[in-house]
Amino acid sequence: MSGRGRGGFRGGRGGRGGRPTNGTRTLGRDDAPFQIDADVDVVLDGKPSELFPPYDVPKAPNLTKKEEKQVQNFLVFREQCHDSPLYTEARAWNKGTTGANKRTYGQEQINKRYQEENFVDPFTAVPMYTQQFLVAPRTLPDLSSRPFAKEFFPPELHSTLDGTSSNKRRKLGKSLGLSNITSYKTAEDLDLEQLAAGMLLDASTEEGAQDSLKKALEFVKNAEEAGEDGVLYGDEDDDWVKNNGDNEDGEGGEGQEEVEDEYDDESEDDYNAEQYFDGNQDDDFDDEGVDDGDAYF
Amino acid sequence: MNVTKTVAELCALIIDEMYGELPSRIFSMLLTRGRSTILDLEQSMEMTRSKIRHGLAVLQQYNLLYWHLDPGAQHAFYEANVENAYYLIRAGKILEMVETSYGPPAKDVMQNLLLSGQTRIGDLVVAYQERIEQDNKQKAASPDEESYKSNLLVKSTGQLNSVICRLVEAELIDLVTADTFESPDDILKKVEKEVNDKHFYGGVRGTKAKIEYQEKLAERLREVRSEPKSLKRKLEQNGSSAKRRKLLGGGMTNGLVEDEMDPALDPQQVIRVNYEKCTVDLRNRRLVQYASDLFGDTTSYVYAQLLRHLTKDISRCRLDPLVDHYGEKEDGVPAQKFVTTAEILDSLKTAIDLSVGLGKTTRKMLSKKAATAIHPRPPMMKSLIQEAEVQGDASSDEEDDAETTDDEDYDGDYKPPPLKGVNGNHGTNGVNGVNGSARADDKDQEIVWDRPNQLRQHLLILAESNQHLVRHCGIDEWTVDFELVMASMRVSELDTVIEQTTGPKGLRLARILRARGKLDEKALPTIAMMQKAELQRKLLEMQSAGFVHVQEVPREPKADVKKSFFLWYSDLDKTRDRVLDTSYRTMMHCIQVLEALRHKDRDVLSTTRRSDVKGKEEEMLRQEYFQRYKRFLQSEKMLFSQIMRVDDLVAILRDF
């Protein structure tokens, strides 16, 4: 903390927890841009500026049924692509693919983005039970598992298509596996599920278990039917005009809230990592580490 | 497609989103460096050769590359196929289109084909067979065999075969041939050489020879281009397909009846999705929607059938000037395709009540002659300036003068169909003229028309529109000048963008400038009837948005700002390019935002990807996590729907 010696207040930046400021802030030496002579005591008016004039934010119209279907199709397709053996993933999130230092100079720096980080996170280095479920991202496409129409590839790639030398587990019958993924959940689907599950939960606690179960089943059935209604194929196929209609699926908003209430009670488990750190939140900790800690439980 | 920096970046992002990081990096390098060999790539990417090979293989499998191997050379040249990369974003639309037009089984096949890139038919059949067997096993294992509901869409290999046949006939799937992966330039070079060697060994001399050379070239190019369609031709020769189509009215496959009628396909052949034809079909749907906005639902049903017949043999939206220019003409008259009223009537569903959407008017309001006039030749391509003036040509009897002001309700013309023509307002579109002819025969009585006549009236309405939706090219013969319709649609789309960005005043100014050409700054206030200060503010706003442009012309040899003319003008092409660029940027931004969101919620997402959590997120995740997951999914969907919408605009401005 460089500010400590000179500035005389904790944290060194922004006067957080420093002396009372009365709505004005004193700039730390390092913060002043070089045009301003920091030796002269520069006092900036730290009051909130005037509110922005009211601005009418343009709002996109809701999705039509047709668009809904298109997006859904696209998402499923993308999910299947990600599931295929040819998908490679090396997201280097910490290396500035997003954020401020997006700019790169030269190939070396670009390549660095995609390299494996040889840095051990002490929180995840210890083997844990859940690690067996983690799916390791693929860095090289797995070409050996599926057949290719080789005559349409340049000859220099043929050896690669058979599978790399290190990876020569040539299966007897290569096959073009069809993807098992047939749906991609959207937030609405999850809502429905949650609602149904909430009803089932009712059933386990209350006396009239049978009734609630029936209710839940009925609900799921209704939801399914509502879903099928939206699909306008069948005899009346090819209706290019009607499919554009607005999407007017009502959603049980009230029911949702009820369910959420229930969960509020539940989520108070005895181990709550955030509560554990709660007392220290006001400290000058950089609590980025906590974020990572949340990833496993 | 013009490959600008934005397009290049967008395509790399799209590939990254769909097929992963390795192919995306190689693709973007190919775009930066242009045509390169594996050695060049190795050097410029500083990557191991095996990695590059893997990446190239994936790209090639997904049809994202052109490659060319000179005879005897060791290394092939690779080139990026930008069009196909962009079309990936349209996958959802293509699938939706296939599903509504050809049924869910066809969508399933199409999806698997998109997913696996170029595929041998045999491999596809084997994959489906495995799936079917698996399903059968499950069925046997399930306690109650009767009630077991299979979720398979394609239930037998026979059905698969017939679905593929159907899609091949529709050209949505085509064959991969030896020339498929040659870039257009390479093909041209190859064909040129061939023609030179064969017919013009001593070189091309004289104008006559030059024309002949061009024709030979175009002919050969057409041959090369139609090679992937050989399978379709083969299927068409087999008489059963046409019969079957007739029997089922071009509708659904029901998988059981007509399996035997399709010839078995050669399992060695390799197929892939034909994006060009998909674009044609998507254009049809967009046009139908356009017609529906203008004239109402019933008329647009008619239009849909007309387009369906007309585009059966159109394989691409934009004609290649080199190839198609010479081919279409025979004896100076372009061979045009048309559809007869009877054909439309046959294919139109009987459930559609054609009497809806036709209005009525008194006899003196109409000119039957103008309404039913036949235009055997397409109108000359006019620039927009003229077009604005020629508007209302069809119904020239009534209105001549009030046109410039009426321009404004060009778009907002839509009224619920039954009301059509009741108020005299519709005169601009000439609808009255047509509807009136209904009354011409019988004045007071409500006439009940037979179906063919009703259909004809709908077609006449379409033909009379200023948007060139349909041309009445012969007695009971109809055709569409796609270039003209699309031009009008493009203008209306751009107008919407201009209005959204700069308000109705901006749109008005743009239209004035379009109609008048270049206008001096000093003359503008009087013409536009606006105050000078306000006008200047508006023009500057529009200039920075790229909708109007200014040219400075000095009055004297020594340029002086005070003495110069400032000519304002609005150029549609420039506007279009600007809007396209903004659209690409928007799409790019959407994907980047998604990436940022992923980064923000990476802890949640890595948990949901765990194999024990996947599928039962709600039980496994803590409530707070679950909420975050839900929120992420929601924003993801919104971002993609934004991309789809922007793509709609791009499609109209660029592809259709």
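# Salt bridges, strands and a shared interface

Reader: Let's start near the end of chain B. What do the side chains of R654(B) and D655(B) form where they meet?

Author: In this predicted model, the closest N to O distance between the side chains of R654(B) and D655(B) is 2.8 Å. A salt bridge by this rule needs a nitrogen of Lys or Arg within 4 Å of a carboxyl oxygen of Asp or Glu. So R654(B) and D655(B) meet in a salt bridge.

Reader: Are R654(B) and D655(B) buried or exposed?

Author: Counting as buried takes under 20% relative accessible area. R654(B) and D655(B) are both buried.

Reader: Which residues are joined into one network by salt bridges that share partners?

Author: This network takes in residues of both chains, and what ties it together is the sharing of salt-bridge partners. From chain A come R78(A) and E79(A). From chain B come E17(B), E595(B), R598(B) and E636(B).

Reader: R610(B) and D612(B) form a salt bridge too. Are they buried or exposed?

Author: Their closest N and O atoms are 3.1 Å apart. The cut-off for buried is under 20%. R610(B) has 6% relative accessibility, so it falls on the buried side, and D612(B), at 13%, does as well. For R610(B) the answer is buried, and for D612(B) it is also buried.

Reader: And R49(B) with E42(B), how do they count?

Author: Their side chains also meet in a salt bridge, at 2.9 Å from N to O. The range between 20% and 50% is called partly exposed. R49(B) has 32% relative accessibility, so it counts as partly exposed. E42(B), at 26%, is likewise partly exposed.

Reader: How many salt bridges are there over all chains?

Author: The pairs we've talked about include R654(B) with D655(B) and R49(B) with E42(B). Over all chains, the rule's count comes to 42.

Reader: How many salt bridges does the rule find across the interface of chain A and chain B?

Author: One pair to look at is E68(A) with K637(B), whose side chains meet at 2.5 Å, N to O. There are also 19 residue pairs in polar contact across this interface. For salt bridges across it, the number is five.

Reader: Which helix of chain A gives the most to the side that touches chain B?

Author: Several helices each supply at least two residues to that side of chain A, among them helix 3 (107-113), helix 6 (187-205) and helix 8 (253-266). The top contributor gives 15 residues. That's helix 2, which spans 65-83.

Reader: How much area is buried between chain A and chain B?

Author: The contact takes 96 residues from chain A and 107 residues from chain B. On the chain A side, 42 are nonpolar, 27 polar and 27 charged. Carbon and sulfur atoms give 56% of the buried area, which is about 9500 Å².

Reader: Turning to chain B itself, what share of its residues count as buried?

Author: Chain B has 29 helices and 13 strands. Among its contacts with a separation of 6 or more, 72% come from residues 24 or more positions apart. Of its 656 residues, the buried share is 53%.

Reader: Which residues are buried on the two sides of strand 5 of chain B?

Author: In a regular strand the side chains alternate between the two faces of the sheet. Strand 5 of chain B covers residues 270-273, and both of its faces are covered. On one side the buried residues are V270(B) and R272(B), and on the other they are I271(B) and V273(B).

Reader: Which residue is the bridge partner of D174(B) in strand 5 of chain B?

Author: Strand 4 and strand 5 of chain B run antiparallel, joined by three bridges. Strand 3 (residues 119-120) of chain B also runs antiparallel to strand 5, with two bridges, and there R120(B) stands opposite V270(B). For D174(B), the partner is R272(B).

Reader: Which strands stand at the edges of the open sheet with the order 11-13-12 in chain B?

Author: This sheet has three strands with antiparallel pairing. Strand 13 (residues 565-569) pairs with strand 11 over two bridges, and L567(B) is the bridge partner of D520(B). Each edge strand has a single partner, so one side of each is left without a neighbour in the sheet. The edge strands are strand 11 (519-520) and strand 12 (549-553).

Reader: Is E171(B), with its positive phi, buried or exposed?

Author: Most residues other than glycine have a negative phi. E171(B) is not a glycine, yet its phi is about 70°. It lies in the loop between helix 9 (157-169) and strand 4 (173-175) of chain B. With a relative accessible area of 4%, E171(B) is buried.

Conventions
Residues numbered from 1 in each chain as written. Chains lettered and ligands numbered in written order. Predicted model: local features only at pLDDT ≥ 70, side-chain atom pairs only at ≥ 80, totals over all residues. Heavy atoms only, no water. Contact = heavy atoms within 4.5 Å. Buried area = accessible area lost by both parts, 1.4 Å probe. Polar contact = N/O pair within 3.5 Å; in protein donor to acceptor, adjacent residues only side chain to side chain. Helix = DSSP H or I, 4+ residues; strand = E, 2+ residues; numbered from the N terminus. Nonpolar A, V, L, I, M, F, W, Y, C, P; charged D, E, K, R; others polar. Buried < 20%, exposed > 50% of the residue type's maximum accessible area, 1.4 Å probe, protein only. Pairing = 2+ DSSP bridges.
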